[in-house]
Structure formats: C-alpha cells, structure tokens
Amino acid sequence: MHSVETKYEHITIDEKGIPFIAGTTMKVVELVAEKVAYGWSPEELHLQHPYLTLGQIHSALAYYYDNEEKLNKDIEQRLKGIMQYKAPEKSPLKERLKASGLL
C-alpha cells in the first residue's frame with residue numbers, strides 16, 4: 001500500500017486519499033468518530049487504543065480540526081451506510097415476539 005506523508009508528523013494519506021495514523025491500520029476518521037460519539041479525551045482514547053501514542057492521537061486530532069468539514073462529511077456518510085442495515089420497524093418476527101410477550 002502506497003502512502004503519502006503529510007505536514008502532520010503521524011498522519012499519512014493512502015492512494016484513495018484516506019488519512020491514517022502512520023504505522024497503523026487506524027483511520028483518522030475512526031478515532032475521531034470515537035471522540036465525537038463518546039466524548040473521549042486524548043488520554044481516554046489512549047486507554048482504549050494503547051498501541052497508539054499520545055503523539056499519534058494528538059496529531060490525528062489536529063488533522064481533524066484542520067479538516068473538520070471533510071471528515072465530518074465522511075462520518076455522516078458512514079452513518080448513512082450503517083443506517084441502511086438497521087432492521088425495519090415492522091417485521092413479521094418482531095410482531096410474533098410482541099404477540100408472545102417476548103419483546
């Protein structure tokens with residue numbers, strides 16, 4: 001996999017234009033999504049991902065804040081993709097479970 005270095009010490013961009021934390025398979029957008037979803041501080045992110053250094057985490061967050069609009073759009077697209085797979089509100093199985101008192 002070919003990657004391009006950036007002005008951010010720990011961030012590289014792959015051939016598809018996706019920013020990664022250098023030396024890992026962690027996409028910047030994945031780390032940022034956790035920060036946004038859970039409100040985790042850099043220290044908490046480090047506890048959750050001990051293989052990342054605080055320097056790598058801070059570099060990823062700096063990249064995010066400098067490219068916030070682009071990465072927020074990426075997060076939004078990912079959420080839309082996930083929502084496609086959400087179970088429908090009404091399904092025969094749900095109705096049977098409700099009728100039998102199991103749901």
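**Helices H1 and H4, the loop after H1, and the largest pocket**

Ser41 has a relative accessibility of 30%, which puts this serine in the partly exposed class (buried is under 20% relative accessible area, exposed over 50%, partly exposed in between, with a 1.4 Å probe and protein chains only). The model is predicted, so local features need pLDDT of at least 70 and side-chain atom pairs count only at pLDDT 80 or more, while totals for chains, interfaces and linings use all residues. Numbering starts from 1 along each chain as its sequence is written, and side-chain values use heavy atoms, with hydrogens and water left out.

I stay with Ser41 for a moment. Ser41 is in the loop between H1 and H2 (helices are DSSP runs of H or I with at least four residues, strands are runs of E with at least two, and both are numbered from the N terminus). Ser41 and Ser91 are separated by 50 residues in sequence and by 40 Å in space, taken between C-alpha atoms.

Trp40 also belongs to the loop between H1 and helix H2, the latter covering 42–48. Beyond four places in sequence, Trp40 touches Glu34, Lys35, Leu45 and Gln48 (contact means heavy atoms within 4.5 Å). From Trp40 to Tyr51 the distance is 17 Å between C-alpha atoms, with the two positions 11 residues apart along the chain. Gly39, just after H1, has a positive phi of about 70°.

Now to H1 itself. Which residues of H1 are buried? They are Val28, Val29, Leu31, Val32 and Glu34. The cover over these buried residues includes two strands, S2 (11–14) and S3 (19–21), along with H2, helix H3 (54–66) and H4.

Glu34 sits in helix H1 and is the charged residue in that buried list. How far away is the nearest side chain of opposite charge? That side chain is Arg78, at 11 Å, and Glu34 is buried without a salt bridge. Here Lys and Arg count as positive and Asp and Glu as negative, with His and the chain ends not counted. A salt bridge is a side-chain nitrogen of Lys or Arg within 4 Å of a carboxyl oxygen of Asp or Glu. With neighbours within four places in sequence set aside, Glu34 is in contact with Gly39, Trp40, Leu45 and His49. The contact with Trp40 appears from the other end too, in the list for that tryptophan.

Next, the salt bridges. How many does the structure hold? There are three.

Lys73 pairs with Glu69, and their closest N and O atoms are 3.6 Å apart. The two are four residues apart in helix H4, which means that about one helical turn separates them. Glu69 is exposed, at 59% relative accessible area.

Asp74 and Arg78 form another of these bridges, at 3.1 Å from N to O. Their spacing is four residues in helix H4, so about one helical turn lies between them. Asp74 is partly exposed at 25%, and Arg78 is partly exposed at 32%. This is the arginine that came up with Glu34, 11 Å from that side chain.

Lys80 bridges to Glu76, with 3.5 Å between the closest N and O atoms. Lys80 and Glu76 are again in helix H4, four residues and therefore about one helical turn apart. Both are partly exposed, Lys80 at 46% and Glu76 at 42%.

Asn72 is another residue of helix H4, partly exposed with a relative accessible area of 33%. Asn72 and Ala33 have C-alpha atoms 8.9 Å apart, although their positions lie 39 residues apart in sequence.

That leaves the largest pocket. Rolling a probe the size of a water molecule over the atoms shows where empty space is left. On a 1 Å grid over the protein atoms alone, with a 1.4 Å probe, a pocket is an open set of points with protein on both sides within 12 Å along at least five of seven lines; lining residues have an atom within 4 Å of a point. The largest pocket holds about 150 Å³, the volume being the space filled by probe spheres set on grid points joined across faces, edges and corners.

What lines the largest pocket? The residues are Val29, Glu30, Ala33, Glu34, Ala37, Ile75, Arg78, Leu79 and Ile82. Helix H1 (28–38) and helix H4 (68–83) are the elements that each give two or more residues to this lining. H1 gives the most, with five. By class, the lining has six nonpolar, three charged and no polar residues (Ala, Val, Leu, Ile, Met, Phe, Trp, Tyr, Cys and Pro are nonpolar, Asp, Glu, Lys and Arg charged, and the others, Gly among them, polar). Glu34 and Arg78 are both in the lining.
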